[in-house]
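Here is a brief report on a model with two chains. Read it with the structure open beside you.

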Protein chains: 2
Amino acid sequence: MVIKMAEFKYEIIEHLGVISKSSKGWTKELNKISWNGGTPKYDIRDWAPEHAKMGKGITLSDDEMEKLKYLLQKL
Amino acid sequence: MVIKMAEFKYEIIEHLGVISKSSKGWTKELNKISWNGGTPKYDIRDWAPEHAKMGKGITLSDDEMEKLKYLLQKL
């Protein structure tokens, strides 16, 4: 069995805002992030204080974010 | 070692829209879902055709969704 370490780099290109904060100081944030030097994508994710660790989240393209924005406006 | 199977039930209370569709037919959707009979929460997640399988996603409370909507309106 070969165990591979997933290694990747990322850069938070734009910090767009904090959605919520947990009692342990983790924040759910909306950011624009470049993964492995690629085109920046929207990202909704939990972060430890100072962005020291990243938690679960999803990544959305510009088109997907436009569609989500449209759906939310109808709520 | 004890291996536990994670078992849970969920109900899609409200289908709010499709955000995108992959070439394999999976859809990224915005739904309102009740997990284990709890208060329905917003959910952004990938789904196989007919909702046969669920993929990665995030769950947001009403407050979190309000905040996200506000942040998106500023984009």
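## Confidence and chain pairing

This is a predicted model. Chain A averages a pLDDT of 93, and 96% of the residues score at least 70. The model as a whole scores ipTM 0.87 and pTM 0.88. A general caution applies: where pLDDT is low, the predicted coordinates should not be read in detail.

**How the copies are related.** Chain B superposes on chain A after a rotation of 180 degrees, with 0.0 Å of shift along the axis. The RMSD of that fit is 0.1 Å. The two copies are thus related as by a two-fold rotation axis. Both copies use the same surface: 100% of the contact residues of chain B recur in chain A.

**The interface.** Contact involves 23 residues of chain B and 23 residues of chain A. Together, chain B and chain A bury about 2,200 Å² between them. Carbon and sulfur atoms account for 72% of that area. How many salt bridges join chain B and chain A? The count is zero. Polar contacts do occur across the interface of chain B and chain A: the rule finds six residue pairs, with both residues at pLDDT 80 or more.

Which elements of chain B give two or more residues to the side that touches chain A? They are β1 (10-21), β2 (27-35), β3 (41-47), β4 (54-60) and α1 (62-73) of chain B. Of these, α1(B) gives the most, with eight residues. By residue class, the side of chain B that touches chain A divides into 13 nonpolar, five polar and five charged.

**Salt bridges.** Side chains of opposite charge can pair when their charged atoms come close. A search of the whole structure finds six salt bridges over all chains. One pairing is between the side chains of A:D46 and A:K28, at 3.2 Å from N to O. This pair links distant parts of the chain, 18 residues apart. A:D46 sits in strand β3 (residues 41-47) of chain A, while A:K28 sits in strand β2 (residues 27-35) of chain A.

**Backbone points to check.** Where does chain A show a positive phi in a residue other than glycine? A:N36 is one such place, and A:H51 is another. The table gives the phi and location of each residue.

| Residue | Phi | Location in chain A |
|---|---|---|
| A:N36 | near 50 degrees | loop between β2 and β3 |
| A:H51 | about 60 degrees | loop between β3 and β4 (54-60) |

**In brief.** Chain B and chain A are related as by a two-fold rotation axis. Their interface has zero salt bridges and six residue pairs in polar contact. On the chain B side, α1(B) is the leading contributor, with eight residues.

Key. Residues are numbered from 1 along each chain as its sequence is written. Chains are lettered from A and ligands numbered from 1 in the order in which they are written. Side-chain values use heavy atoms; hydrogens and water are left out. Contact means heavy atoms within 4.5 Å. Buried area is the accessible area (1.4 Å probe) that two parts lose on being put together, summed over both. A salt bridge is a side-chain nitrogen of Lys or Arg within 4 Å of a carboxyl oxygen of Asp or Glu. A polar contact is a pair of N or O atoms within 3.5 Å; within protein, one must be able to donate a hydrogen and the other to accept it, and residues adjacent in sequence count only if both atoms are side-chain atoms. Helices (H or I, at least four residues) and strands (E, at least two) are DSSP runs, numbered from the N terminus. Ala, Val, Leu, Ile, Met, Phe, Trp, Tyr, Cys and Pro count as nonpolar, Asp, Glu, Lys and Arg as charged, and the others, Gly among them, as polar. Copies are superposed by least squares on the C-alpha atoms of residues with pLDDT of at least 70 in both. pLDDT is the predictor's confidence in each residue, from 0 to 100.
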